[in-house]
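Let's take a walk through this model, beginning in the middle and working outwards. Keep the sequence and the 3D view open as you read.

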Amino acid sequence: VGMGVLPLEFQPGTTRKTLFIDGSETFALEGLTGAPAPGLVLTLVIHRRDGSAARAPVKVRIDTSEEQQVFEAGGLLPRIGNELRQAA
């Protein structure tokens with residue numbers, strides 16, 4: 001969250017190994033409209049090199065309103081910059 005990256009967690013029993021993720025994939029999210037809410041469940045779409053795709057539910061791991069504010073600002077440094085500009 002501090003770097004502006006959305007943290008996601010696989011559901012119990014799902015891992016990169018059970019999804020056969022080897023690092024060559026690209027990823028997309030389905031179900032995200034607007035700012036992600038704490039605990040929201042989205043669908044991770046895994047696009048493979050061979051053109052196939054797999055889907056897996058993932059939970060947004062923004063757990064507090066503070067983390068949500070940091071993420072929405074684009075990370076900790078942009079948030080601090082915004083706060084300093086507003087205070088000036």
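A good place to start is the largest nonpolar core, which has 12 residues in all: Leu-6, Leu-19, Ile-21, Leu-42, Leu-44, Ile-46, Ala-54, Ala-56, Val-58, Val-60, Ile-62 and Phe-71. A nonpolar core here is a set of buried Ala, Val, Leu, Ile, Met, Phe, Trp, Tyr and Cys residues joined through side-chain atoms within 4.5 Å. Buried means under 20% relative accessible area, exposed means over 50%, and partly exposed is in between, with a 1.4 Å probe and protein chains only. Strand 3 and strand 4 are the elements that give two or more residues to this core, and strand 4 supplies the largest share, four residues.

A quick word on ground rules: this is a predicted model, so local features need pLDDT of at least 70 and side-chain atom pairs count only at pLDDT 80 or more, while totals for chains, interfaces and linings use all residues. Residues are numbered from 1 along each chain as its sequence is written, and side-chain values use heavy atoms, with hydrogens and water left out.

Now have a look at how strand 4 makes its contribution. In a regular strand the side chains alternate between the two faces of the sheet. Along strand 4, Ala-54, Ala-56, Val-58 and Val-60 point to one face and are buried, whereas Ala-53, Arg-55, Pro-57 and Lys-59 point to the other and are not. (Strands, E, at least two residues, and helices, H or I, at least four, are DSSP runs numbered from the N terminus.)

Zoom out to the sheet itself. Its four strands form an open sheet in the order 1-4-3-2, with antiparallel pairing; two strands pair if DSSP finds at least two bridges between them. Strand 1 (8-10) and strand 2 (26-30) stand at the edges with a single partner strand each, so one side of each has no neighbour in the sheet. From one strand to the next, the twist averages 40°.

You can follow the pairings across the sheet. Strand 1 and strand 4 run antiparallel and are joined by three bridges, and Leu-8 stands opposite Val-60 in strand 4. Next come strand 3 (residues 41-47) and strand 4 (residues 53-60), which pair in the antiparallel sense over seven bridges. Here Leu-42 stands opposite Val-58, Ile-46 stands opposite Ala-54, and His-47 has Ala-53 as its bridge partner. The hairpin of these two strands has five residues between them, and in it Gly-51 takes a positive phi near 95°. Strand 2 and strand 3 pair in the antiparallel sense over five bridges, with Ile-46 in strand 3 as the bridge partner of Phe-27.

Which residues does Val-45 touch, leaving aside its neighbours within four places in sequence? Val-45 lies in strand 3 and is in contact with Thr-26, Phe-27, Ala-28, Glu-30, Ala-53, Ala-54 and Arg-55, where contact means heavy atoms within 4.5 Å. At 3% relative accessibility, Val-45 counts as buried. Ala-54, with the same sequence neighbours left aside, is in contact with Leu-44, Val-45, Ile-46 and Arg-48.

For a contrast, try Phe-20, found in the loop between strand 1 and strand 2. Phe-20 is not a glycine, yet it has a positive phi of about 60°. Its relative accessible area of 66% makes Phe-20 exposed.

That leaves the helices. Two packed helices are described by the angle between their axes and the distance between the axes. Helix 1 (residues 65-73) and helix 2 (residues 76-87) pack at about 85°, with their axes 7 Å apart; axes are lines fitted to C-alpha atoms, for helices over the stretch in contact, and angles run from 0 to 180 degrees between N-to-C directions. Helix 1 and helix 2 are therefore roughly perpendicular to each other; angles of 65 to 115 degrees count as roughly perpendicular, under 35 as roughly parallel, over 145 as roughly antiparallel, and the rest as oblique. Glu-66, Gln-69, Val-70 and Ala-73 in helix 1 meet Leu-76, Pro-78, Arg-79 and Asn-82 in helix 2. By class, this contact has four nonpolar, two polar and two charged residues, where Ala, Val, Leu, Ile, Met, Phe, Trp, Tyr, Cys and Pro count as nonpolar, Asp, Glu, Lys and Arg as charged, and the others, Gly among them, as polar.

Finish at Ala-73 in helix 1. Ala-73 counts as partly exposed, at 24% relative accessibility. Ala-73 and Val-1 are 72 residues apart in sequence and 9.9 Å apart in space, C-alpha to C-alpha.
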